[in-house]
Protein chains: 2
Amino acid sequence: MISFENFHSVEGVPIYLQMIRHVKQGLAAGTVQNGDELPSRRILSATLAVNPNTVQKAYRQLEEEGLIQSRPGAGSHITASSEQVEHIRQELFHTEVQETVAAMKRMGLKKEEAVELLRRLYDEEEEG
Amino acid sequence: MISFENFHSVEGVPIYLQMIRHVKQGLAAGTVQNGDELPSRRILSATLAVNPNTVQKAYRQLEEEGLIQSRPGAGSHITASSEQVEHIRQELFHTEVQETVAAMKRMGLKKEEAVELLRRLYDEEEEG
DNA sequence: AGAACTGTACTATGCGTATAATACAGATAG
DNA sequence: CTATCTGTATTATACGCATAGTACAGTTCT
């Protein structure tokens, strides 16, 4: 069962998009694999304290992208080709990291300053 | 005059918040300083092809935070104390970078892999 | 078969974002 | 002084996100 335990919403970003990204990050990391089952809409909406329709919106879009497959009564499961996973990996690196690189540049950080900051933050945090 | 030339909107994030962040990043970098003038609401809205009310919303919030000051007929100017600038610097580092660190961890990147990726992206891009 | 789960669909409401159009007041350059 | 810039305020509309509630259909387990 795919875990949403360390999922926490970020101010200003739609929840359903963050849920999609959460699954994609799992795929990119390899911790989410083909055949894995996702929590039911009702269970997950109760766990995260969001509306069932919000979960449904995320799941529907994941299904439209061909990353999951749902059947009434049988739940939802991961159905992602290795090509799709590789594409997601590239996509996430690009959007997630490259924007931050641009931001750090705008904030005047030199490359080695940015590297130092990254190392420090990488050690500090204990999650994910 | 504060520049918005390399400003580009990002899908899913409110424009007015991005404009605020743009100014704050300039303050953090030191490229935006006390007394600097911001473009007029009308000019900037035309330049960025957004509604004047959207620019006004960003400027109003910047004024409420005490970072700028506006006078009818005289335009808007930066009025930020060094304490405010330092606080913004801390804030931006935390939100902007730390989220990406968490994301990279979720994607299964080890620290040195992340450092390598950062170095590569830092060289690639030519903006900011 | 029946209970209890599952996915799916629909209507309605509230809120924030962004747009459009208009109007008025203060400052400045001619 | 007058024109033209500036900021400020208001009303209205449209769309997306999230919520609430309800209903129906398919699967699974006992």
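Colleague: How many residues does each chain put into the contact between A and B?
Modeller: Chain A brings 35 residues and chain B brings 35 residues. Keep in mind that this is a predicted model.

Colleague: OK, take chain B. Which elements give two or more residues to the side that touches chain A?
Modeller: Those are H1, helix H4 (82–106) and helix H5 (111–124) of chain B.

Colleague: And which one has the largest share there?
Modeller: H4(B) does, with 13 residues on the side of chain B that touches chain A.

Colleague: What's the mix of residue classes on that side?
Modeller: On the side of chain B that touches chain A you get 20 nonpolar residues, plus seven polar and eight charged ones.

Colleague: Switching to the DNA. Which residues come nearest to strand D?
Modeller: Ile15(A), Asn51(A), Asn53(A), Gly73(A) and Ser40(B), out of 24 residues around DNA strand D.

Colleague: Which elements give two or more residues to that surface?
Modeller: From chain A, helix H1 (15–29) and helix H3 (52–64). From chain B, helix H2 (41–48), helix H3 (52–64), strand S2 (68–71) and strand S3 (75–78).

Colleague: What about strand C, which residues are closest there?
Modeller: Ser40(A), Ile15(B), Asn51(B), Asn53(B) and Gly73(B), and 24 residues surround DNA strand C.

Colleague: And which elements supply at least two residues near strand C?
Modeller: Chain A supplies them from helix H2 (41–48), H3, strand S2 (68–71) and strand S3 (75–78), while chain B does so from helix H1 (15–29) and H3.

Colleague: How do the residues near strand C divide by class?
Modeller: Nine are nonpolar, 11 polar and four charged. For the surface near DNA strand D, the split is nine nonpolar, 11 polar and four charged.

Key. Residues are numbered from 1 along each chain as its sequence is written. Chains are lettered from A and ligands numbered from 1 in the order in which they are written. This is a predicted model: local features need pLDDT of at least 70, side-chain atom pairs count only at pLDDT 80 or more; totals for chains, interfaces and linings use all residues. A residue is near a molecule or strand if its C-beta atom, placed from the backbone, lies within 6 Å of it. Helices (H or I, at least four residues) and strands (E, at least two) are DSSP runs, numbered from the N terminus. Ala, Val, Leu, Ile, Met, Phe, Trp, Tyr, Cys and Pro count as nonpolar, Asp, Glu, Lys and Arg as charged, and the others, Gly among them, as polar. Two residues are in contact if their C-beta atoms, placed from the backbone, lie within 7 Å.
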